[in-house]
Amino acid sequence: MHVIFGAFPFMIDNVALLLTKTGDHLVISLIPLLAAIALGVPIGVWLGHAHRGEFLAVSVTNIGRALPSLALIAILIGFVGIGMLNAMIALFLLAFPPILSYAFQAVDSIDRDLTRAARGMGMSPGQVLLKVELPLGLPMIIAGIRTSAVLTVSSATIATIAGSGGLGDVILNQVAYGMEGVIAGAIWVAVLAILVDQAFALLLRVSAPAGVRQLQSANAM
Amino acid sequence: MTQHSTGTSITFDRATKTYPGAAAPALDALDLEVEAGELVCLVGPSGGGKTTALQLVNRLVDLTSGDIRIGDRSISDQSAIELRRTIGYAIQQSGLFPHYTVAHNIATVPTILGWDKERIRTRTAELLELVGLSPVETWLSRYPAQLSGGQQQRVGIARALAADPPVMLMDEPFGALDPITRVAVQDEFLAIHRAVGKTTLFVTHDIDEAIKMADRIAILKPGGKLAQFGTPSEVLSNPADDFVAEFLGSERGLKRLALTTVGEIVPGRSDRASAETAQWPDVEATMTLREALSVVSAARAEGAIVHKGGNRLGEVSLHDLIAPPVAVEDREGVRT
Ligand SMILES: Nc1ncnc2c1ncn2[C@@H]1O[C@H](COP(=O)(O)OP(=O)(O)OP(=O)(O)O)[C@@H](O)[C@H]1O
Ligand SMILES: [Mg+2]
């Protein structure tokens with residue numbers, strides 16, 4: 001028990017260290033996450049708009065689920081070698097599937113009657129996408145990013161194995177920081193993941209289009 | 001009311017659709033002309049090709065062979081997107097955009113067409129009045145989720161009418177409404193149709209709805225073949241084949257009576273002894289013969305006394321109701 005309590009004095013004594021490591025940690029998580037968004041959202045949205053590639057979206061997700069991040073890193077060390085790039089590739093591969101499949105689902109699952117009405121009134125495919133599919137799909141697209149963000153931030157811990165720093169440096173280095181340090185680092189990462197999750201929860205609420213929010217609150221009552 | 005176009009005909013010329021991979025056509029060489037200003041109901045069993053026929057017109061589905069013309073112009077002469085902007089389209093469940101307000105929904109096509117704000121505002125207000133949603137301010141900024149099914153359907157009709165298209169396509173627009181709301185919206189739509197005179201192709205699988213609304217009814221049978229095309233009374237009096245007869249149902253005779261109102265057959269003079277009519281129930285001139293028959297039957301009487309706005313018009317006997325003195329066919333002049 002005293003070890004857990006010991007974690008808090010450790011945090012106070014090592015604020016500077018933890019903050020630096022947090023900075024590294026966020027950079028290591030953020031770059032792969034942004035890359036996954038930049039690639040996954042457009043591909044997913046496009047496939048959903050065309051109602052094609054369900055197979056692709058689903059298989060990518062399943063492969064993503066089947067490969068634990070630790071195994072990914074181990075495999076990648078074999079290919080790319082140790083280092084920051086290696087860790088980021090692993091995290092990208094982790095972040096990409098949920099973003100892709102949520103973006104696909106978000107657009108693909110929009111009521112066909114709605115898109116049929118939109119096309120029937122003379123909207124061009126681009127207008128259907130921008131005026132109907134994206135606004136209505138946005139909350140689900142963001143939900144995918146949220147899942148990946150939490151996954152990336154928590155998994156970045158093991159990036160240390162690939163030698164790229166971050167809070168994993170503290171957590172996986174009991175020799176230098178003691179048990180208090182390990183636990184302090186773990187709590188810190190957990191809190192970071194929760195903060196990221198909550199930030200996206202907020203974004204999610206704001207992103208729901210007004211009429212749809214009405215619907216949600218009406219149903220909730 | 002600024003309604004400009006009075007409608008343009010829609011002509012199906014051996015219009016055929018076979019979906020990829022399907023062995024048989026969903027719509028088989030349909031020949032049909034919806035005249036300018038006419039309301040034609042397309043009825044038939046589920047899978048009979050009604051929706052297919054409708055979507056061929058606005059090119060949501062492509063013809064396999066044959067042609068469809070609006071006015072003199074083949075639908076293939078212009079881009080599908082341009083074509084659709086000149087056709088009003090309303091579907092079941094209204095198809096309203098949940099993230100758009102009522103005003104925004106109605107403005108969909110005018111916005112695409114680049115109308116200026118003021119024109120859109122005026123038009124939106126005018127349409128809401130037309131579909132019976134007034135005062136307009138109450139409705140403009142509501143979202144579809146804040147409307148009842150009937151109100152959503154009214155907005156759906158307003159949206160379809162927004163850019164004043166000469167032609168309207170409606171795919172079971174009232175299919176999801178409860179019976180009472182349905183009758184109310186049907187009545188309103190009929191009134192609107194008479195006021196604006198748009199050529200309308202209206203899909204329904206409810207034969208009673210078709211009898212009530214249509215100038216002419218087109219009945220499709222399985223395999224997408226046209227079984228019969230005629231006025232409600234023609235179809236009810238002379239079903240073309242067993243399929244049509246069965247589709248119209250065993251109450252075909254009664255349904256035919258629903259085409260005529262009591263006011264249309266009541267004789268101007270009264271030649272009956274008051275003792276005879278003393279026990280007869282009262283009916284309104286606007287009631288259909290079928291409804292009046294129901295009233296008479298419930299009262300176990302031999303006839304009914306017809307009123308119009310409190311004035312006694314005359315009496316109709318049970319025999320008048322069952323075999324109306326004015327042939328139902330003669331009403332066609334009245335319908336069109
Ligand atoms: N997009 C499509 N691809 C393949 N087959 C289709 C497609 N749309 C409709 N069909 C088939 O064409 C036939 C006619 O369908 P359609 O939707 O026109 O019928 P409907 O008369 O509107 O039926 P309902 O009353 O159930 O709406 C059906 O057998 C249907 O399965
Ligand atoms: Mg249909």
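Start with the whole of chain B: the centres of domain 1 and domain 2, taken over C-alpha atoms, are 34 Å apart. Keep in mind that this is a predicted model. To colour the two parts, select 10–256 of chain B for domain 1 and 260–335 for domain 2.

Now show the residues where the two domains of chain B touch. You'll get 13 residues from domain 1 and 7 from domain 2. Together the domains bury about 730 Å² between them, with carbon and sulfur atoms giving 38% of that area. Pick out B:S233, B:L254 and B:R256: this trio supplies 54% of what domain 1 of chain B buries against domain 2, more than any other three residues.

Next, put sticks on B:R290 and B:E251. They form a salt bridge, and their closest N and O atoms are 2.5 Å apart. The interface between the two domains of chain B has 1 salt bridge by the rule used. While you're there, switch on cartoons for helix 9 (207–213), helix 10 (232–237) and helix 12 (252–257) of chain B, each of which supplies at least two residues to the side of domain 1 that touches domain 2.

Then move to the sheet. Four strands of chain B make an open, antiparallel sheet in the order 2-1-4-5. Strand 2 (27–34) and strand 5 (73–74) of chain B are the edges, each with a single partner strand, so one side of each has no neighbour in the sheet. Zoom in on strand 5 of chain B, where B:R73 is the bridge partner of B:I70. Last stop: select 50–57 of chain B, which is helix 1, packing on the sheet and touching strands 1, 2 and 4 of chain B. Helix 1 of chain B runs at about 120 degrees to the direction of strand 1.

Terms used. Residues are numbered from 1 along each chain as its sequence is written. Chains are lettered from A and ligands numbered from 1 in the order in which they are written. This is a predicted model: local features need pLDDT of at least 70, side-chain atom pairs count only at pLDDT 80 or more; totals for chains, interfaces and linings use all residues. Side-chain values use heavy atoms; hydrogens and water are left out. Two strands pair if DSSP finds at least two bridges between them. Contact means heavy atoms within 4.5 Å. Axes are lines fitted to C-alpha atoms, for helices over the stretch in contact, and angles run from 0 to 180 degrees between N-to-C directions. Domain bounds come from an automatic or database domain assignment. Buried area is the accessible area (1.4 Å probe) that two parts lose on being put together, summed over both. A salt bridge is a side-chain nitrogen of Lys or Arg within 4 Å of a carboxyl oxygen of Asp or Glu.
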